[in-house]
Amino acid sequence: MPNDIFADLTWRGLIYQATDEALQSWLNSQPRSLYIGFDPTADSLHVGSMLPLMLLRRFQKFGHRPIALVGGATGMIGDPSGKSEERQLLSVESLRHNVAGIERQMRVFLDFEAAGNPATLVNNFTWMSGFSYLEFLRDIGKNFPVNVMLAKDSVRSRIERADSGISYTEFSYMLLQAYDFVHLFDHYGCELQLGGSDQWGNITAGIDLGRRMRSAKLYGITCPLLMDSEGEKIGKTAKGTKVWLSPERTSPYLFYQYWYNIPDADVGTCLRYLTELSREEIESLDASRQQDAGQRNSQRRLAEELTQIVHGAAGLAAARRASEVFFGGEISGLNDSQLNEIFPDVPNHVLQAGALQGDGLGLLDALVMAGLAGSRGEARRLVQQGGVYVNNRRMTDPDYRLTSADLASQTVVVLRTGKKKYALLRLASE
RNA sequence: GGGGGGUUUCCCGAGCGGUCAAAGGGGUCAGACUGUAAAUCUGAUGGCUUAGCCUUCGCAGGUUCGAAUCCUGCACCCCCCA
């Protein structure tokens with residue numbers, strides 16, 4: 001039923017540059033194979049990779065054949081695009097580890113069993129590693145005029161700067177990526193490459209190479225980079241840590257919260273770029289946001305959609321339950337297993353079995369043990385300033401002693417400082 | 001090689017021999033407001049058994065009743081002249 005992928009991408013604002021006027025009709029005339037490359041710089045993808053992943057997913061839903069290329073070979077070299085400095089090379093071993101982790105996550109976004117147009121996953125190490133240096137120079141390098149290479153933004157910006165420069169290795173990067181495209185054309189009939197706007201130079205290099213070596217007509221599209229209204233890349237928390245797709249690195253709760261807290265100015269872009277919501281729904285969210293931004297329907301919808309895709313229904317449910325408790329009232333009437341599920345990634349400290357008996361445990365000491373305060377003095381200040389909560393109930397007495405009456409469940413006391421910094425005290429069983 | 005300046009609590013930076021745990025700014029933390037926002041405002045920001053005590057001002061000594069402030073030596077940094 002859906003057929004015009006190009007029109008869909010256009011209204012979402014996902015077309016930044018395209019190599020050919022006729023791309024729209026070319027795409028609509030029959031299913032095509034297309035690819036996007038991913039850098040294996042870590043063993044998990046992060047939020048920054050969601051945009052290209054969703055692009056592949058969109059193409060697949062519109063009946064095309066997506067190919068996800070993991071750069072096991074190119075990752076060894078380092079793409080100079082968008083980088084101001086020479087990159088640190090990754091070891092072969094860590095690359096292999098990273099590629100494996102990334103492959104696993106791709107399966108969440110793409111359907112590799114789809115009848116007719118299954119997604120394909122390739123690793124350019126499988127064909128690149130076989131090349132000899134001489135072969136590569138004769139067959140591939142011969143087709144690259146250095147003056148053209150020097151004119152590419154990614155290279156020029158590095159050469160023109162007196163303080164950076166570029167190594168021969170990184171300079172050669174575009175040859176590898178260009179050859180990937182030709183290889184995929186040969187083996188998978190792939191005629192279209194997509195990428196972020198910083199990939200334009202690499203994509204056109206591949207198109208040129210395809211023409212020279214195979215007389216093929218190849219296509220390229222770039223999409224905008226996912227930036228916030230301040231011009232910063234989206235996908236980092238206030239603390240500057242990346243938001244990852246793997247639940248081990250970023251829990252579903254934190255992932256959900258990240259999107260829930262996207263500023264009004266950016267949420268519309270995120271909905272268009274990252275979700276599969278229909279145009280009607282997104283525009284009605286725009287309207288509701290204009291009317292009453294405080295409702296945050298857009299943010300909620302965004303967080304739900306993305307958490308659902310990345311962490312599944314169970315992950316979304318857990319994130320929502322946790323959010324309700326974290327930002328709700330007093331915590332009571334829960335049992336241990338419920339609390340464990342709600343606070344999976346909250347640090348916890350185990351108390352000795354009898355710690356809450358008799359006189360109990362001083363609140364200040366408890367805060368220090370739990371890691372919520374660096375010293376008793378700091379803990380005291382927090383309490384005096386009204387920033388300490390036990391089971392979400394504010395405590396104002398620095399001399400308060402926790403006893404078994406303060407347990408939120410069988411064995412757990414929930415401590416909190418500030419708005420949302422939690423820690424658990426867990427009573428050891430005998 | 002010669003001359004001069006510097007090293008302060010997370011960062012920058014002020015600091016008369018006593019009244020300096022050390023101005024001010026930034027950052028951070030907490031509170032109020034709010035939409036789990038932005039902006040704004042308020043408070044806190046070495047440790048402790050917290051109206052008191054203890055340990056900090058490059059390092060090691062010394063002078064003094066008393067030193068971040070004076071003297072000596074050491075380490076590192078910067079500038080000027082060769």
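Start at RNA strand B: of its atoms within 4 Å of the protein, 66% belong to sugar or phosphate, and the rest belong to bases. The model is predicted.

**The surface around the RNA**

Keep RNA strand B selected and show the residues around the strand. There are 25 of them, and the closest are Asp264, Phe327, Arg376, Gly377 and Arg381. Colour the surface near RNA strand B by residue class: five residues are nonpolar, 11 are polar and nine are charged.

Now turn on the secondary structure. Helix 12 (252–260) and helix 18 (376–384) each supply at least two residues of the surface near RNA strand B. The largest share comes from helix 18, with five residues.

**Individual contacts with the RNA**

Select Gly377. One of its backbone N or O atoms lies 2.7 Å from a phosphate oxygen of RNA strand B.

Move to Arg381 and show the side chain. A polar atom there lies 3.1 Å from a sugar or linking oxygen of RNA strand B.

Next, select Asn261. An N or O atom in the side chain of Asn261 is 3.2 Å from a sugar or linking oxygen of RNA strand B.

**From helix 12 to helix 15**

Hide the RNA and select helix 12 together with helix 15 (residues 297–326). Their axes come within 7 Å and cross at roughly 100°. Helix 12 is therefore roughly perpendicular to helix 15. The contact of helix 12 with helix 15 contains 14 nonpolar residues, along with six polar and three charged ones.

**The sheet**

Now select the strands. Six of them form an open sheet with mixed pairing, and the order across the sheet is 1-6-5-2-3-4. At the edges are strand 1 (17–18) and strand 4 (120–123), each of which pairs on one side only.

Select strand 2 (residues 33–38) and strand 3 (residues 65–70). The two run parallel and are joined by six bridges. To find one position in this pair, label Ile36, which stands opposite Ala68 in strand 3.

Finally, add helix 3 (residues 50–61), which packs on the sheet. Which strands does helix 3 touch? The contacts are with strand 2, strand 3, strand 5 (190–196) and strand 6 (219–223). To check the orientation, draw the directions of helix 3 and strand 2: the angle between them is about 165°.

Key
Residues numbered from 1 in each chain as written. Chains lettered and ligands numbered in written order. Predicted model: local features only at pLDDT ≥ 70, side-chain atom pairs only at ≥ 80, totals over all residues. Heavy atoms only, no water. Pairing = 2+ DSSP bridges. Helix = DSSP H or I, 4+ residues; strand = E, 2+ residues; numbered from the N terminus. Contact = heavy atoms within 4.5 Å. Axes fitted to C-alpha atoms, helices over the stretch in contact; angles between N-to-C directions. Near = heavy atom within 4 Å. Polar contact = N/O pair within 3.5 Å; in protein donor to acceptor, adjacent residues only side chain to side chain. Nonpolar A, V, L, I, M, F, W, Y, C, P; charged D, E, K, R; others polar. Parallel < 35°, antiparallel > 145°, perpendicular 65-115°, else oblique.
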